[in-house]
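Work through the exercises below with the sequence and the model in view. Try each task before reading its solution.

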Amino acid sequence: MPNTALKAARLKAGYSSQKAFAAALAQAAAQLGMAGIAVSGRQVTRWESNDPPWPQEDSQKLIVHVLRRPIEELGFQPPWEEAPDPGQPTASTVPAKPRPPVLRAALPRPPGRSGVQPGTIGADYAIVTEAHRRLYLSVAPAVLHRAVSEHASLGTALLGETSGVARQILASALAESLLLVGRIEFFDLRQPDAADATLVRALQAAGEADDSLLGAAILAHSAFVPGWASRLGDARERMQAARTYARRAPASAEVLAWLDAVEAECFTRCGDHRGALALLRRAEDLLAAGGDTTSPDWFTWFSPVRLHAFRGNTELLAGLIPQARTTLEQTLTELPDADGKQRIVVLGDLASVEAAARRPEEACAILEQALDQLAITWYATGMDRVREARRALTPWEGSAAVRRVDDRLYSWSATLSSLQR
């Protein structure tokens, strides 16, 4: 008898043909950082045949992600079972992968038997993680931080009640949630110590999922912490680990270029502007060359225009003022309207360019634009760039233009908001 359970679930999910279902699985592979995994229409035919083979673990992960159903409910019988016992539950029959002891200690599990959650728990949890990813663009950081932290706590608790493919999907989504918490703590709230600890937890969750590409992203984010503290040796060691994980993935050209951009920023913060510019040139070459590997859906924080922003900041700090102005003005033109946080950073850097060129009126006008955006989208890293530009205007602080900036920078609401955050 054909595997009608899988066919029915496929049709219910809106995939009218086996070819369309195979294409959806391929798209899911890219989203989950599994670009090397391919499922053909012929394989789907075998799964819907009279005696469907038990899918390999990677394929199980994709099927569950796309259909939102446990693998055991889709007409497959585990090879280690002779036949299901009608008197026993069939959920969670896939044995969990061994977990390193360090992860057991770092991600505590509540008491209770393993595998009590349904097979869809990972995919259901991931839906909320994806929503938080989009909310980062517009929701106030302190508010979103609370929500994502609670979501991560939920995921940590559920991890002890989940097994098999569902556990792997859940662990990947948990790692992404913890990465978002760490990003908010570092970039939006300027809490580097908290971010460093959170990113360790994120890496542990990525290890539970055996997700090398997500591990590379987490390690590279963790390099910002020592990099911004002028500890270049520590930052480079973390970047070496990030590149090692990325090689296992494989990684797209965009991800590899971002790794160069991150290390370049660490070089810039530590005063090695020549080394930073060399890395940025290599990143530009990687983007120009492209490649067949696609970036996962969670990789939302980098693009060619973001690379221009990295370069503009490095050129500014290297004293290459005309080049920095050209780069930053081009970046502003190309930035999407929704990218308000990055716009604040670029405006702050551009104001510093004008101050360095001894054009205080122009610098103040740009700072007022940055303050307008900060009133809409708070971003601590952006506020840091605004303050850096204001310090560069000290020689003209008695001018009317600078006083206008100060009146806004130190208004009651702005000052209280800054101190509270």
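**Exercise 1.** Is helix α16 largely enclosed by the rest of the structure or not, and why?

*Solution.* This is a predicted model, in which local features need pLDDT of at least 70, side-chain atom pairs count only at pLDDT 80 or more, and totals for chains, interfaces and linings use all residues. Residues are numbered from 1 along each chain as its sequence is written, and side-chain values use heavy atoms, with hydrogens and water left out.

Step 1: locate α16 at residues 340-356; helices are DSSP runs of H or I with at least four residues, numbered from the N terminus.
Step 2: apply the term buried (under 20% relative accessible area, 1.4 Å probe, protein chains only).
Step 3: 16 of the 17 residues of α16 are buried, so α16 is largely enclosed by the rest of the structure.

**Exercise 2.** Which residue just after α16 takes a positive phi?

*Solution.* The residue is R358, with a phi of about 60°.

**Exercise 3.** At roughly what angle do the axes of α14 and α15 cross?

*Solution.* Step 1: take α14 as residues 304-317 and α15 as residues 321-334.
Step 2: their axes (lines fitted to C-alpha atoms over the stretch in contact, with angles from 0 to 180 degrees between N-to-C directions) cross at roughly 155° and come within 8 Å.
Step 3: α14 is therefore roughly antiparallel to α15, a term for angles over 145 degrees.

**Exercise 4.** Is A253 buried or exposed?

*Solution.* Step 1: A253 lies in helix α12, residues 253-269.
Step 2: its relative accessible area is 11%, so A253 is buried.
Step 3: the C-alpha atoms of A253 and D285 are separated by 9.5 Å, although the two residues are 32 residues apart along the chain.

Technical notes
Helices (H or I, at least four residues) and strands (E, at least two) are DSSP runs, numbered from the N terminus. Angles under 35 degrees count as roughly parallel, over 145 as roughly antiparallel, 65 to 115 as roughly perpendicular and the rest as oblique. Buried means under 20% relative accessible area, exposed over 50%, partly exposed in between (1.4 Å probe, protein chains only).
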